[in-house]
Amino acid sequence: MELSLGTLVGQALTFLIFILVTMKFVWPPLMEAMEDRRKKIADGLAAAEDSQRQLEQAKEEALSIVKEARSEANSIREQAESRASGILDEAKSEAVAERQRQVAAASTEIKLEAERAREALRTQLSGLVLDGAGRLLDKELDSTAHAALIDELVAEL
Amino acid sequence: MASENSASAYVTHHLTHLQVGEGLWTFNVDTLFFSWLCGLAMMGLFILGARRVQKGVPGKLQNFVESLVEFADNSVKESFHGPREFVGPLALTIFVWVLFWNLLDLIPVDYFPLFADKVLHLHYLRIVPSADPNATFAMSLTVLMLIIIYSIKGKGVGGFGKELLTHPFGSNPVLIPFNLILNAVELLAKPISLALRLFGNLYAAELIFILIAMLPWWVQWLPGGAWALFHILVIPLQAFIFMTLTIVYISLAYEEH
């Protein structure tokens, strides 16, 4: 193991040169590139996470909107159903009232007609009675003179 | 290898550096060349990865370089809490460079020396820079320098000086020399242990590969393969240890105790 100062100095200088070249031209660009890439990847991951969260939120929102729409539709249908049944009831009750009214009108008319018929019959009968009585008495009764009596008789019938 | 003489010559041949110059200013040309080659391969890889950098989907090469950068950055982050503009690249350079050095150990020991001898007429050649203590010490002494710089950066000249003079035993003037000696030993032990650990592991591994290469050719695959498999574990481990200890030393220097 012999000492060779020339080799020693030469090697040391070489070493320094290589360190300096590495420091100047190799280390900084590579470190920068690696740092940049790390940052980009971190950003990408963060963005992915963010969009995932947004998607989740949108899904939830959509779900709530659908739920709301469904409940609204339900309430509208219920309302419509109730209105329809109301209309039906109204119509039914109106029809019932109409029928009653018509029945009432008809019955009054019948009653009136019967009354009228009875009146006519009564009048006819009084005429017949008068006629019969006149024939029986053999003398013509003055219907006008005895109108009051005849009317009384008719009312008694 | 029949005779003992030729065996030891073979080993010695494989453990001798291709040298230029005399005395202290000797240059281990093979170490310098192959560590430069590794370094240029590393720089090429880094710069290709960094130049075609894309912020979006990265290419395969960029992915690979990025994973190296992130590995170094995380290792630094674990124990060093100061600014990482320099320490990060330092850790990355140490790890990859030492890894490439160590990987050269897996190339069969005779290929390059034989090529150098027959084609280039270079008699000696050792291709693994981390099996040359000069290379490992160059690195670890640079680390020592950085430890001192970071001590001053983190604690100030006064704080660092005060720690050197008073730290383990207390501020009694009588104890100052002991403190100083202990701190000096502690400081020096760091680069020495760094350099010797790496050198020792790779030198021993190289030696074992050389010894395996002297076995008869039909049996070499068994110990050679086994040792190479084990060595695959050692190669990144030693690079990792050098890097991690450097970070730890620098963070110890930088932060208050």
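This passage describes chain B of a predicted model, its bent helix and the one cavity that the structure holds. In this predicted model, local features need pLDDT of at least 70 and side-chain atom pairs count only at pLDDT 80 or more, whereas totals for chains, interfaces and linings use all residues. Residues are numbered from 1 along each chain as its sequence is written, chains are lettered from A in the order in which they are written, and side-chain values use heavy atoms, with hydrogens and water left out.

Chain B comes to eight helices and two strands, taken as DSSP runs (H or I, at least four residues, for helices; E, at least two, for strands) numbered from the N terminus. Of its 257 residues, 44% count as buried, that is, under 20% relative accessible area with a 1.4 Å probe and protein chains only.

Helix α6 of chain B covers residues 133-166 and spans only 33 Å between its end C-alpha atoms, where a straight helix of 34 residues would span 50 Å at 1.5 Å a residue, the expected span being 1.5 Å times one less than the number of residues. At B:Gly156, α6(B) bends by about 110°, the bend being the angle between axes fitted to the seven residues ending there and the seven starting there.

The structure holds one cavity of 30 Å³ or more, a cavity being a set of points on a 1 Å grid over the protein atoms alone where a 1.4 Å probe fits but cannot get out. The largest cavity has a volume of about 100 Å³, counted as the space filled by probe spheres set on the points, which are joined across faces, edges and corners. Its lining residues, with an atom within 4 Å of a point, include B:His14, B:Asp105, B:Arg126 and B:Glu206.

Terms used: 1 Å grid on protein atoms, 1.4 Å probe; cavity = no way out; pocket = protein on both sides within 12 Å on 5 of 7 lines; lining within 4 Å. Buried < 20%, exposed > 50% of the residue type's maximum accessible area, 1.4 Å probe, protein only.
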